[in-house]
Amino acid sequence: MNALMTHRPDFFDALSHIAGNLAAHAPLAPLSWFRAGGPAELLYRPESRTELSACLAALPAGVPVCVIGAGSNLLVREGGVPGLVVHLGAEFAAIEVLPGNRIRVGAGAMDVKLAVAARDAAIAGFEFLRGIPGMLGGAVKMNAGAYGGEISDIFVSASGIDRQGNSIQFGPAEADFSYRHSAIPDDVILTDIVLQGVPGDTDRISARLAEVAAARADAQPVNQRTGGSTFRNPPADLAGGRKAWELIDAAGCRGLRLGRAMVSEKHCNFLINTGGATADELEALGELVRERVKADSGIDLVWEIRRIGLPAGQSRGAK
Ligand SMILES: Cc1cc2nc3c(=O)[nH]c(=O)nc-3n(C[C@H](O)[C@H](O)[C@H](O)COP(=O)(O)OP(=O)(O)OC[C@H]3O[C@@H](n4cnc5c(N)ncnc54)[C@H](O)[C@@H]3O)c2cc1C
């Protein structure tokens, strides 16, 4: 048995007084869209910001912290994730309409629910979120975008909790968004976000939501075990305007298989777990695609999917 699976982490006692749900060696595969990968050394589901802050303040220095949302842009490696993994749940999913076409949303709310709530409040500008299957915390961290919109277009501010348990605020300057990227540090856990829309017509917004949903179902393998776009689109001047999927297609990788991992036939920048694929297989297939694209076009594709944890056999405490 994997050593990470056999005993409590040595920092567990420091958190014994902490409220919220703590589970040692909790499997993360069920929390990831790929349904693959190893466990968290300690998984924490806080029920409030106060609990989360107290937990981080009590966590010994040096223990790594990582947060996951809907797991739709994540590959959890087989050796599991050392330290504390925080997963925000329904307690962080409130959506509140504010004056001036603004919405305050919890980082644990699903993007799709926010798109619908904005429609119900006749606020336009949130429709692109209908096409993204994550939560708002992950959307801000990744500057998620689709169909002509992205988070940075509607972002006002975000609040979070830092590694020491202190509150921390981000405006557009601190978030410093770029393509599928923000400058929000990896160990900050966002809890609340304020976004700005414009006045809209609910029928028109409904029609746009339907268009986005249809376009997504048409172009992406939405009902399969995937992690969304695997690689970032390269800068236009480097790749002559070609997107990542075009480079992958030209390198002959559409439908490429490695074990039970496969490059989607429908959208070749998506990797698919065809059933029982390990995270190692999925990552190795991604690396094979990178090699072939490099050989074909000279371009180094950069992973967009966030890969976390240790490779198989390198679990903390493994002999
Ligand atoms: C079928 C499919 C289609 C997709 N289409 C798109 C698309 O069109 N456009 C697009 O941009 N993306 C797309 N994605 C990728 C993904 O949905 C987005 O990146 C999404 O915003 C990730 O949110 P998440 O909650 O799933 O984050 P996760 O995958 O759980 O995490 C992603 C990153 O965000 C961080 N994070 C998560 N929550 C928080 C938080 N509360 N505070 C701080 N950091 C946090 C994590 O640590 C990690 O670094 C798609 C994915 C799938 C599976």
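In this predicted model, A40 stands opposite V81 in β5, a pairing that offers a convenient way into the fold. The model is predicted, so that local features are reported for pLDDT of at least 70 and side-chain atom pairs for pLDDT 80 or more, while totals for chains, interfaces and linings use all residues. Residues are numbered from 1 along each chain as its sequence is written, and side-chain values use heavy atoms, with hydrogens and water left out.Strand β2 (residues 39-45) runs parallel to β5, and four bridges join the two; strands are DSSP runs of E with at least two residues, helices are runs of H or I with at least four, and both are numbered from the N terminus. Two strands are taken to pair if DSSP finds at least two bridges between them. Strand β5 (residues 81-87) also pairs with β3, again in the parallel sense and over four bridges, and here I68 stands opposite H87 in β5. Seven of the seven residues of β5 are buried, where buried means under 20% relative accessible area, exposed means over 50%, and partly exposed lies in between (1.4 Å probe, protein chains only).

Within strand β2 lies E41, which is buried, with a relative accessible area of 5%. The side chain of E41 reaches the backbone nitrogen of G83 at 2.7 Å. Such a polar contact is a pair of N or O atoms within 3.5 Å; within protein, one atom must be able to donate a hydrogen and the other to accept it, and residues adjacent in sequence count only if both atoms are side-chain atoms.

The ligand is surrounded by 35 residues, of which V67, G69, S72, N73 and G145 come nearest; a residue is near a molecule or strand if one of its heavy atoms lies within 4 Å of it. Among the elements of this shell, β3 (65-68), α3 (136-142), β9 (145-146), β13 (189-196) and β15 (225-229) each supply at least two residues, and α3 gives the most, with five. By class, the shell has 18 nonpolar, 13 polar and four charged residues, with Ala, Val, Leu, Ile, Met, Phe, Trp, Tyr, Cys and Pro counted as nonpolar, Asp, Glu, Lys and Arg as charged, and the others, Gly among them, as polar.

Several polar contacts involve the ligand itself. A nitrogen atom of the ligand is 2.6 Å from a polar backbone atom of G145, an oxygen atom of the ligand is 2.9 Å from a polar backbone atom of A70, and an oxygen atom of the ligand is 3.4 Å from an N or O atom in the side chain of R306. On its own the ligand has 970 Å² of accessible area, and the protein covers 96% of that area, as computed by the Shrake-Rupley method with a 1.4 Å probe; for residues, only the protein chains shown count as cover.

The protein is assigned domain 1 (3-90), domain 2 (92-215) and domain 3 (231-303), with bounds that come from an automatic or database domain assignment. Domain 1 and domain 2 each contribute at least three residues to the shell around the ligand, and the centres of domain 2 and domain 3, taken over C-alpha atoms, are 28 Å apart.

A further sheet is open and has four strands in the order β15-β18-β17-β16, with antiparallel pairing. Its edge strands are β15 and β16 (257-258), each of which pairs on one side only. Two bridges link β16 to strand β17 (residues 261-263) in the antiparallel sense, and L258 stands opposite A261 in β17.

Finally, A239 belongs to helix α7 (residues 236-239) and counts as buried at 3% relative accessibility. A239 and G298 are 59 residues apart in sequence, and 9.2 Å separate them in space, C-alpha to C-alpha.
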